[in-house]
Amino acid sequence: MRVLVVEDDAVLQNGLVVGLGLHGVTAEGVGTCADAIAALETTPFDAVVLDVMLPDGSGFDVLRAVRSRDDAVPVLLLTALDTVADRIRGLDDGADDYLGKPFDLDEVAARLRALRRRAVGRATPTITWQNIVLDPVRRTASENGEELGLSRREFTLLLALVERPGIIQSKADLEALLYGWQEEIESNAVEVHIHHLRSKIGRDRIETVRGLGYRVRATV
């Protein structure tokens with residue numbers, strides 16, 4: 001899951017980015033409304049953690065800008081403005097969830113996972129595909145009760161593919177899930193991770209669509 005964190009407090013922003021990373025989330029941080037809108041116009045994210053009080057405006061302005069162009073990206077408002085009126089305003093402006101400060105990082109991660117489940121139309125916390133069970137909370141994958149021993153990035157790749165079976169996902173989209181803006185990416189990074197993943201789950205389970213990307217079958 002790739003998440004945009006919009007928070008002007010540098011320490012808090014960094015804590016969210018690093019902390020969510022420990023939960024298997026690729027998080028990118030910005031500190032202004034302008035940077036948030038620019039990032040959301042140019043980059044696909046699975047969710048947004050949005051502070052309301054920003055130096056160049058309100059997070060509500062960002063929220064309205066996003067929804068005005070029919071962008072359905074799930075938004076979690078994270079703010080010290082925690083009155084009932086503030087919560088109602090945020091939800092009516094298009095937020096999907098609301099969490100007041102101070103907050104627990106584990107709860108932020110859990111709420112993001114819940115938003116992701118709803119976004120992809122999944123009701124259960126675990127995903128089962130071809131006898132493989134993926135647990136996004138524990139970041140584990142098993143087949144017939146046996147742990148597959150996937151690395152963090154291998155798990156992220158497999159989760160992204162099985163959440164959308166039958167859909168081709170480009171190398172660029174998969175890179176965006178695995179690496180942050182400031183991380184250097186080797187030209188064959190995705191291919192290497194796919195190779196290692198295939199060695200653990202079976203080569204034929206991930207299809208390479210030449211010139212387009214990768215996908216897994218919708219059925220066994």
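**Exercise 1. Find how strand β3 (residues 47-50) and β6 pair, and place them in their sheet.**

Step 1. β3 pairs with β6 in the parallel sense, over 3 bridges. Here two strands pair if DSSP finds at least two bridges between them. Helices (H or I, at least four residues) and strands (E, at least two) are DSSP runs, numbered from the N terminus.

Before going on, a word on the model: it is predicted, with local features needing pLDDT of at least 70 and side-chain atom pairs counting only at pLDDT 80 or more, while totals for chains, interfaces and linings use all residues. Residues are numbered from 1 along each chain as its sequence is written, and side-chain values use heavy atoms, with hydrogens and water left out.

Step 2. Look for the partner of Leu50: in β6 it is Leu77. Leu77 also has Tyr98 as its bridge partner in β7, and β6 and β7 pair in the parallel sense over 4 bridges.

Step 3. Now widen the view. The open sheet has 5 strands in the order β2-β1-β3-β6-β7, with parallel pairing. β2 (26-30) and β7 (97-100) each have a single partner strand, so one side of each is left without a neighbour in the sheet. From one strand to the next, the twist averages 20°; angles run from 0 to 180 degrees between N-to-C directions, and axes are lines fitted to C-alpha atoms, for helices over the stretch in contact.

Step 4. At the β2 end, strand β1 (residues 2-6) runs parallel to β2 and is joined to it by 5 bridges. Arg2 stands opposite Thr26 in β2.

**Exercise 2. Which residues of β6 and β7 cover the two faces of each strand?**

Step 1. In β6, Val75, Leu77 and Thr79 lie on one side, with Leu76 and Leu78 on the other, and all are buried. Buried means under 20% relative accessible area, exposed over 50%, partly exposed in between (1.4 Å probe, protein chains only).

Step 2. Since 5 of the 5 residues of β6 are buried, β6 is largely enclosed by the rest of the structure.

Step 3. In β7, Asp97 and Leu99 are on one side and Tyr98 and Gly100 on the other; these are all buried too.

**Exercise 3. Describe the surroundings of Val48.**

Step 1. Val48 is found in strand β3 and is buried, with a relative accessible area of 2%.

Step 2. Leave aside neighbours within four places in sequence, and Val48 is in contact (heavy atoms within 4.5 Å) with Val3, Leu4, Val6, Leu40, Val73, Pro74, Val75 and Leu76.

**Exercise 4. At what angle do helix α7 (residues 171-178) and helix α8 (residues 189-201) pack?**

Step 1. The angle is about 80°, with the axes 9 Å apart.

Step 2. α7 and α8 are therefore roughly perpendicular to each other. On this scale, angles under 35 degrees count as roughly parallel, over 145 as roughly antiparallel, 65 to 115 as roughly perpendicular and the rest as oblique.

Step 3. List who meets whom: Lys171, Leu174, Glu175 and Leu178 come from α7, and Val190, Glu191 and His193 from α8. By class, this contact of α7 with α8 has 3 nonpolar, 1 polar and 3 charged residues. Ala, Val, Leu, Ile, Met, Phe, Trp, Tyr, Cys and Pro count as nonpolar, Asp, Glu, Lys and Arg as charged, and the others, Gly among them, as polar.

Step 4. Finally, see what is buried in α7: Leu174, Glu175, Ala176, Leu177 and Leu178. The cover over these buried residues includes β1, β2, α6, α8 and β13 (213-215).

**Exercise 5. In what order do the strands of the antiparallel sheet lie?**

Step 1. This open sheet has 4 strands, ordered β8-β9-β10-β11, with antiparallel pairing. β8 (127-129) and β11 (146-147) are the edge strands, each pairing on one side only.

Step 2. β8 and strand β9 (residues 132-135) pair over 3 bridges in the antiparallel sense, and Ile127 stands opposite Leu134 in β9.

Step 3. Add the helix: α6 (residues 152-163) packs on the sheet and touches β8, β9 and β10 (140-143). The direction of α6 makes about 110° with that of β9.
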